[in-house]
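Got the viewer open and a selection box ready? Here is a walk through the model, one stop at a time.

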Amino acid sequence: MERPLGMAAFARQSRLAHALTVLGALVICLLAYFGTVVAVYGDPSVVATEAAVTAQRVGGLAAGVAVWGYFALAFVRGYGGPVLNAVVYPLVIAVVAPFPARWVLFGPDLAGLADRFIGLFVFEPLLTTALIVVAGLGVFVTILSVWAALIGEDAREDWERTHLPADFYDEFVDVS
């Protein structure tokens with residue numbers, strides 16, 4: 001079974017560079033999440049309980065924007081992967097990483113978790129995720145649009161041929 005083309009890494013990067021790119025995003029995410037919570041609320045412990053939905057959304061939005069921005073810059077440099085940078089890595093990191101980090105720092109809130117996620121319709125976690133994704137993808141698209149406009153058509157096409165894996169380029173980019 002072969003890896004889907006969308007899950008391929010950029011060409012000409014080592015596994016170490018790829019892993020360091022993802023690790024860097026995780027660090028950026030947690031710094032943005034907790035840094036924003038401290039800046040807005042003055043104390044990181046406000047996100048300790050699962051009932052602190054507003055504080056978690058504020059931190060989550062900052063984390064989403066920071067992570068998608070980071071992956072947009074990594075995309076420009078040819079680190080990570082074309083689809084991995086746009087959707088997979090930032091989504092998983094921005095949505096999931098703050099949760100275990102809160103548990104490591106403040107301990108688990110099992111009662112709050114049960115109250116938040118048990119029920120027929122789990123609206124709140126979906127809303128929080130949607131807010132994070134919309135803000136993050138907006139930053140990602142904006143950065144890549146500005147970058148592509150600044151470098152011009154020829155330089156962008158050269159970048160595509162240089163950094164995209166050959167199979168991915170042939171399948172999704174080359175229209176000739």
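**First stop: the core**

Start with the largest nonpolar core, which has 33 residues; among these, Phe71, Ile93 and Phe140 touch the most other members. Colour by element and you can see who contributes: α1, α2, α3, α6 (123-151) and α8 (166-173) are the elements that each give two or more residues to this core. The biggest share comes from α2, with nine residues. As a bit of background, nonpolar side chains in soluble globular proteins tend to be buried together.

Keep Phe140 selected and show what surrounds it. Setting aside its neighbours within four places in sequence, Phe140 is in contact with Trp68, Phe71, Ala72, Phe75, Asn85 and Ala86. Phe71 turns up again here: it is in contact with Phe140, and it is also one of the three residues that touch the most other core members.

**Zoom out: the whole chain**

Now show the full cartoon. This is a predicted model, and its secondary structure comes to eight helices and zero strands. Following the sequence, you read the pattern α-α-α-α-α-α-α-α.

Turn the chain along its principal axes and the C-alpha atoms fill a box of roughly 55 × 40 × 30 Å. How many of the 176 residues are buried, as a percentage? Buried residues make up 39% of them. Switch on a surface if you like: the accessible surface comes to about 9800 Å², and 69% of that belongs to carbon and sulfur atoms. For the contact map fans, take the contacts with a separation of 6 or more: residues 24 or more positions apart account for 73% of those.

**Next: into α1 from its front end**

Select Arg12, in the segment before α1. Check its backbone: phi is near 65°, a positive value in a residue other than glycine. Is Arg12 buried or exposed? With a relative accessible area of 72%, Arg12 is exposed, because the cut-off for exposed is over 50%.

Carry on into α1 itself, residues 15-41. Try a distance between its end C-alpha atoms: they are 39 Å apart, which agrees with the 39 Å that 27 residues should span at 1.5 Å a residue.

Then pick out the buried positions of α1, among them Ala17, His18, Thr21, Gly24 and Ala25. Further along, Cys29, Ala32, Tyr33, Phe34 and Val37 are buried too. What do the buried residues of α1 pack against? Show α2 (53-77), α3 (82-96) and α4, and you have the partners.

At the far end, α1 is followed by Gly42. Its phi is positive as well, near 85°.

**Then: a buried aspartate**

Jump to Asp109, in the loop between α4 (98-106) and α5 (110-117). This one deserves a pause: Asp109 is buried yet has no salt bridge. Which side chain of opposite charge is nearest to Asp109, and how far away is it? Draw the distance to Arg102 and you get 8.1 Å. A salt bridge would need the nitrogen and oxygen atoms within 4 Å, so this pair does not qualify.

What does Asp109 touch instead? Not counting residues up to four places away in sequence, Asp109 touches Ala48, Thr49, Glu50 and Trp103.

**Last stop: the charged trio in α7**

Finish in helix α7 (residues 153-163), home of Glu160. The structure holds two salt bridges, and Glu153, Arg156 and Glu160 are linked in a network of salt bridges.

Select Glu153 and Arg156 to begin with. Their side chains meet in a salt bridge at 2.6 Å, N to O. Both lie in α7, three residues apart, about one turn of the helix.

Now add Glu160. Its salt bridge with Arg156 has the closest N and O atoms 2.5 Å apart, and this pair is four residues apart in α7, again about one turn. An α-helix has 3.6 residues a turn, so residues three or four places apart point the same way.

Colour the trio by accessibility to close. Glu153 counts as partly exposed at 47% relative accessibility, and Arg156 counts as partly exposed at 21%. Glu160, at 13%, counts as buried. For its surroundings, show Tyr169 and Val173: Glu160 touches both, not counting residues up to four places away in sequence.

Note on methods
Residues are numbered from 1 along each chain as its sequence is written. This is a predicted model: local features need pLDDT of at least 70, side-chain atom pairs count only at pLDDT 80 or more; totals for chains, interfaces and linings use all residues. Side-chain values use heavy atoms; hydrogens and water are left out. Buried means under 20% relative accessible area, exposed over 50%, partly exposed in between (1.4 Å probe, protein chains only). Lys and Arg count as positive and Asp and Glu as negative; His and the chain ends are not counted. Contact means heavy atoms within 4.5 Å. The expected span of a helix is 1.5 Å times one less than its number of residues. A nonpolar core is a set of buried Ala, Val, Leu, Ile, Met, Phe, Trp, Tyr and Cys residues joined through side-chain atoms within 4.5 Å. Accessible areas come from the Shrake-Rupley method with a 1.4 Å probe; for residues, only the protein chains shown count as cover.
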